[in-house]
Amino acid sequence: MSDEIKEVSGELGSTGNFIHSYIQEDLKGELNKLRTRFPPEPNGYLHIGHAKSICLNFGLANLYGGKCNLRFDDTNPVKEDTEYVESIEEDVKWLGFQWDGDVKFASSYFDIFYDVAVRLIKEGKAFVCDLTADEIRQYRGTLSDPGKNSPYRDRTVEENLDLFEKMKNGRFADGEKTLRAKIDMSSPNINMRDPVIYRIAHASHHATGDKWCVYPMYDFAHPLEDVIEGITHSICTMEFEDHRPLYDWVVNNCGLEAKPRQIEFARLGLTNTVMSKRKLRALVENGLVDGWDDPRMPTICGLRRRGYTPEAIRTFCDKIGVSKANSVVDSALLEYCIRDDLKPKAKVVMAVMDPLKVIIDNYPEGKTEMLEIENNPENEALGKRQVQFSREIYIDREDFMEVPVKKFFRLAPTKEVRLKGAYFVTCVGIDKDGDGNITAVHCTYDPDSRGGESPDGRKVKGTIHWVDAKTAVEAEARLYDYLMIEDAENSGEMVMNPDSLKTVKCLIEPSIVEAKAGDKYQFMRNGYYCVDTKDSKENALVFNRVVSLKSSFKIK
């Protein structure tokens, strides 16, 4: 993506996108009656794609003075866990949103779901089927060929009621029978060809324990949840567009009054990013990452641990907008948002990632002095700090070249540079080891240039950062890159980036000892960093690189 990130039209906060049009049309002068919901399944941790949905649903409710529910679609006991429930609640709060009332659970409505299923059986709109899952697929037909009726479709109401009760009472094994809606096996929409609405699952549920051994299918439970909760607009991603006729069928045949409207929008695609809970879970379970909150993961908890802010993620979701067209957003836009958010907020400190010693030959031995440096040149309110300076300092090795290339304005033999907030120094010599590696650089300084300004007005193009050799604090810096990259030899398939993490020992100015877990800094001329919340200790600080800074120098 180019340096200049263009804003995308259709922001959540505007009233121009198609979802706003539907809401305004449906609710007219009573927009505060809007009720939306964010309905995750508690079978994994949320990722940046879910953040788009969270911001959309809660953002719409906030904009119109309506309400948004947090509801867990916990209808599959095999894959769900309270660990995921707790993490999702934390993520929603961290993003800055508050749901209306208590957290809702689909499992709280299991009795109502069962009663609606019984009602459908009594009205001849549902039947118990003995076909296996494979047989059901065979009977369903194809996009071009209609399906054929199950041989069990014409069971009597009494027989269906008896069999369904026996299913509920645990009389049958998993997969032995299902309850199917009786709709239309010749429908052009395959989802309407007598879909399964209940299946048998002898598994303990995280909320209801062993009370049930039959569980509703998502396509049956979800519209009922919306009806029960009085949802006015059920906003979901585009893969549910083909399921909308079934959604409406359940709403219209459940015997309850509310009539929510389902609206679909395009889900988020992000370059160099996998947003499949199944694939993310595989990374975790195979030990390829440091858990769901690994800072390389696109999970919200991973982004939080890395150092992303809720403001940056909300801004990102606002900029990408809402549409029905699937597209892939450049990850550079997300990085732009966090840079823009941290730029005025983060204290700027000097950190040397690859230390090279500099000895200032004409600086008095044993002398130290305190220099005053601003904490953030973009934000005077963050104040200033005192930094110690002495005869021996460290600079980044990349800031010195023995044989400088054209337009290299940093330190080199006979060249003069400015040490940030300190003095002008000129390289006068180099120390090397037996293998020819540079071990130290000798300089002289101009005593009259304290603070980085020369009284004679001479100009120095290069300014480099440094740390005092006596007081610098050693820390670990984790340099993160994209977790996934495209495999050019395999049709662009996403594969794990072998260079997604590089760990280095760095030296940082001593003001950093005040850092607490989660604190964010700009390492001057390097990037934004966050104190790791899991591995960092008081005397062994660990910093995660949130995002790099754009380099001011590139070798052609």
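The following paragraphs describe the cores, one buried helix, the strand pairings and the enclosed spaces of a predicted model.

The largest nonpolar core comprises 40 residues, and those with the most contacts inside it are Phe 38, Ile 48, Ile 54, Phe 58, Val 92, Ile 313 and Phe 316. Two or more residues of this core are given by each of several elements, namely helix 2 (48-64), strand 2 (67-72), helix 3 (82-94), helix 10 (300-306), helix 11 (310-320), helix 12 (331-342), strand 28 (527-531) and strand 29 (542-548). Helix 2 provides the largest share of the core, with 6 residues. Apart from this core there is a second, separate one of 36 residues, which includes Phe 172, Val 214, Val 227 and Val 251.

Helix 11, one of the contributors to the largest core, has a series of buried residues, which are Pro 310, Ala 312, Ile 313, Phe 316, Cys 317, Lys 319 and Ile 320. The elements that cover these buried residues include helix 2, helix 3, strand 10 (269-270), helix 10, strand 11 (328-329) and helix 12. The surroundings of Phe 316 can be given in more detail: when neighbours within four places in sequence are left aside, Phe 316 is in contact with Ile 48, Leu 268, Leu 270, Val 329, Leu 333, Leu 334 and Cys 337. Just after helix 11, Gly 321 adopts a positive phi of about 70°.

Among the strands, an open sheet of 3 strands is found in the order 1-2-3, with parallel pairing. Strand 1 and strand 3 (104-105) lie at the edges of this sheet and have a single partner strand each, so that one side of each is left without a neighbour in the sheet. Strand 2 and strand 3 run parallel and are joined by 2 bridges, and Arg 71 stands opposite Lys 104 in strand 3.

Antiparallel pairing is seen around strand 6 (196-200), a strand that is mostly covered, with 4 of its 5 residues buried. Strand 5 (residues 178-181) is joined to strand 6 by 3 bridges, and here Leu 179 has Tyr 198 of strand 6 as its bridge partner. Strand 6 is also joined by 3 bridges to strand 7 (residues 214-216), again in an antiparallel manner, and Tyr 198 stands opposite Pro 216 in strand 7.

Strand 6 also takes part in the lining of the largest pocket, to which at least two residues each are supplied by strand 1 (35-38), helix 2, helix 5 (133-140), strand 6, helix 7 (218-228), strand 8 (233-237) and helix 9 (277-285). The space in this pocket amounts to about 1400 Å³. Its lining consists of 46 residues, of which Glu 41, Asn 43, Tyr 218, Glu 239 and Phe 240 lie nearest the centre of the pocket. In composition, the lining of the largest pocket divides into 18 nonpolar, 13 polar and 15 charged residues.

A search of the whole structure for cavities of 30 Å³ or more finds 1, and the largest cavity holds about 80 Å³ of space. This cavity is lined by Tyr 218, Asp 219, His 222, Pro 223, Cys 236, Phe 240, His 243, Leu 246, Tyr 247 and Gln 262. At least two of the lining residues come from each of helix 7 and helix 8 (244-253), and helix 7 gives the largest share, 4 residues. The lining of the largest cavity divides into 6 nonpolar, 3 polar and 1 charged. Tyr 218 and Phe 240, which line this cavity, are also among the residues that lie nearest the centre of the largest pocket.

Key: Residues numbered from 1 in each chain as written. Predicted model: local features only at pLDDT ≥ 70, side-chain atom pairs only at ≥ 80, totals over all residues. Heavy atoms only, no water. Core = buried A, V, L, I, M, F, W, Y, C linked by side-chain atoms within 4.5 Å. Buried < 20%, exposed > 50% of the residue type's maximum accessible area, 1.4 Å probe, protein only. Contact = heavy atoms within 4.5 Å. 1 Å grid on protein atoms, 1.4 Å probe; cavity = no way out; pocket = protein on both sides within 12 Å on 5 of 7 lines; lining within 4 Å. Points joined across faces, edges and corners; volume = space filled by probe spheres on them. Nonpolar A, V, L, I, M, F, W, Y, C, P; charged D, E, K, R; others polar. Pairing = 2+ DSSP bridges.
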